Amino acid sequence: MKLIEYQAKEVLSSLGFPVQTGILVHNEEELARALDQLQTYPVVLKAQVPVGGRGKAGGIKLASTREEALEKGRAILSMEIKGIPVRKLLVAVAVDIQKEYYTGIVLDRRNQTLTLMVSPEGGVDIEEVARTHPEAIQKLPVSMRDGLADFQARELAFWLFDDRKLALKGARILKALFHAARTLDATLVEINPLVLDAQGELVAVDAKILLDDNALFRHPDLERRRDMDYENREELEAREAGLSFVRLDGNIGCCVNGAGLAMATMDVIKYYGGEPANFLDIGGSSRPEKVVKALDIILRDPRVKVIYFNIFGGITRCDDVARGLIQAFEQMKTKLEGKPVVIRLTGTNEAEARSMLASSGLPLITVETMAEGAQKAVELAGGTA
Ligand code: GDP
Ligand code: MN
């Protein structure tokens, strides 16, 4: 789960982080009230969307008067950024920026650490800095067990800041970043830019936090912050139904039991020149309700031309699976019109299962191998997507 700027700033502020002052608004009325409340100019108006590069897209504007702020705020609220309509606007007291830094902490799975990353080239896309002059980024792996020692934080801060007093302030911020990542179970806490203002203070002007979904149960307060204006409804609905679903860009709907098999299925589809429309793991059971929900979610995507079921019987017997599938297809019959379904079932009693599917009177195409099924699906989807 992602916390976008306004949420990340709230959370960081509650952890004692120095954060730019701002108010979240949804429309012009609220904007006018927020401006009255802030009573200071210039302000910066910032589109709240879950994508980066808002500045370049015109979603961040400075305004020096109330009129200008209302006008620019109105414009931003009617924008779309990378296809996402702006529904929220953050009105913040503009910081008089002397210098911008990058600071972030990210879960490094390979090293099994949290890794602090800092750069004096803040404000811009850090991936770009990493590509063009990686020497401008300093990284420090931090052991999960031992944490970040004061001397380590200071050493990194002295690399980042020229001024001694600033470096000591910076060291406290780096420690707070580590603390934030640990207490929030975050896989990323990024402040870009961290700004040196005219008063010599360090302030977070932009922030982003990625939370580990598998640890969200420990943070009900954070889960409640899920912003339904920007979440993918299908993915949420799937999660509630015990399915794991990720929408992709192709036209072959996939319905698979087991995450590994789902990955393999997507690979094989791509191998034969097709594009999967989704990753979907229906899990161990083939309860008809689960299959119905899965089909329902897949079929909402108008790009889906064909559905490929790739089911590995395993402990569940294939004839049981087939019975469940037939029930589900009966329920979804009308929605499935014009969408061919290719099924590969393998495991115990697969022959019985295939003949049950064949004699069900449903327009199903049964195949024997994963490759055959993928080829068939790609062909029915009209070849390369
Ligand atoms: P992003 O483009 O989505 O990463 O949005 P940011 O919030 O990082 O803003 C992009 C850039 O806009 C920053 O790097 C700053 O240069 C500028 N900016 C943002 N807020 C302020 C502010 O309060 N004062 C000034 N002077 N510039 C700002
Ligand atoms: Mn930024």
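# Notebook: a manganese site, two pockets and some odd bonds

I started at Pro193, which lies in strand β11. Helices (H or I, at least four residues) and strands (E, at least two) are DSSP runs, numbered from the N terminus. This is a predicted model, where local features need pLDDT of at least 70, side-chain atom pairs count only at pLDDT 80 or more, and totals for chains, interfaces and linings use all residues. Residues are numbered from 1 along each chain as its sequence is written, chains are lettered from A and ligands numbered from 1 in the order in which they are written, and side-chain values use heavy atoms, with hydrogens and water left out.

**Cis bonds**

I checked the bond just before Pro193: a cis peptide bond joins Asn192 to Pro193, with omega about 10°. I found another between Tyr41 and Pro42, where omega is about 0°. Pro42 sits in the loop between α2 (28-38) and β3.

**The manganese ion**

Which residues are the protein donors of the manganese ion (ligand 2)? I noted Asn192 (O) and Asp206 (OD), lying 2.2 to 2.4 Å from the ion. The pair links distant parts of the chain, 14 residues apart: Asn192 is in strand β11 (residues 186-197), and Asp206 is in the loop between β12 (202-204) and β13 (207-211). Donors are N, O and S atoms within 2.8 Å of the metal (3.2 Å for Na, K and Ca); water is not among the atoms, so sites may look incomplete. I also looked up Asn192's exposure, and Asn192 is buried, with a relative accessible area of 11%. Buried means under 20% relative accessible area, exposed over 50%, and partly exposed in between (1.4 Å probe, protein chains only).

**Pockets**

I went on to the largest pocket and wrote down a volume of about 1100 Å³. A pocket is an open set of points on a 1 Å grid over the protein atoms alone, where a 1.4 Å probe fits, with protein on both sides within 12 Å along at least five of seven lines; lining residues have an atom within 4 Å of a point. Grid points are joined across faces, edges and corners, and a volume is the space filled by probe spheres set on the points.

I was pleased to meet both manganese donors again: of the 39 lining residues, Gly53, Arg54, Gly123, Asn192 and Asp206 lie nearest the centre of the largest pocket. Elements that give two or more residues to this lining include β3 (43-47), β8 (97-108) and β11. Domain 1 (21-93) and domain 2 (97-223) each supply at least three residues, with the bounds coming from an automatic or database domain assignment.

The second largest pocket holds about 570 Å³ of space. I listed Met1, Asp213, Glu231, Glu235 and Arg239 as the closest to its centre, out of 19 lining residues. Two or more lining residues come from each of α8 (233-240) and β14 (244-247).

**Positive phi**

I spotted Gln39, which has a positive phi of about 55° although it is not a glycine. Gln39 lies in the loop between α2 and β3 and is exposed, at 62% relative accessible area. Asp185 also is not a glycine and has a positive phi of about 55°; I found Asp185 in the loop between α6 (164-184) and β11.

**Cysteines**

How many disulfides does the structure hold? I counted zero, a disulfide being a pair of cysteine sulfur atoms within 2.5 Å. For Cys255, the nearest cysteine sulfur is that of Cys254, 8.8 Å away. Cys255 is buried, at 0% relative accessibility.
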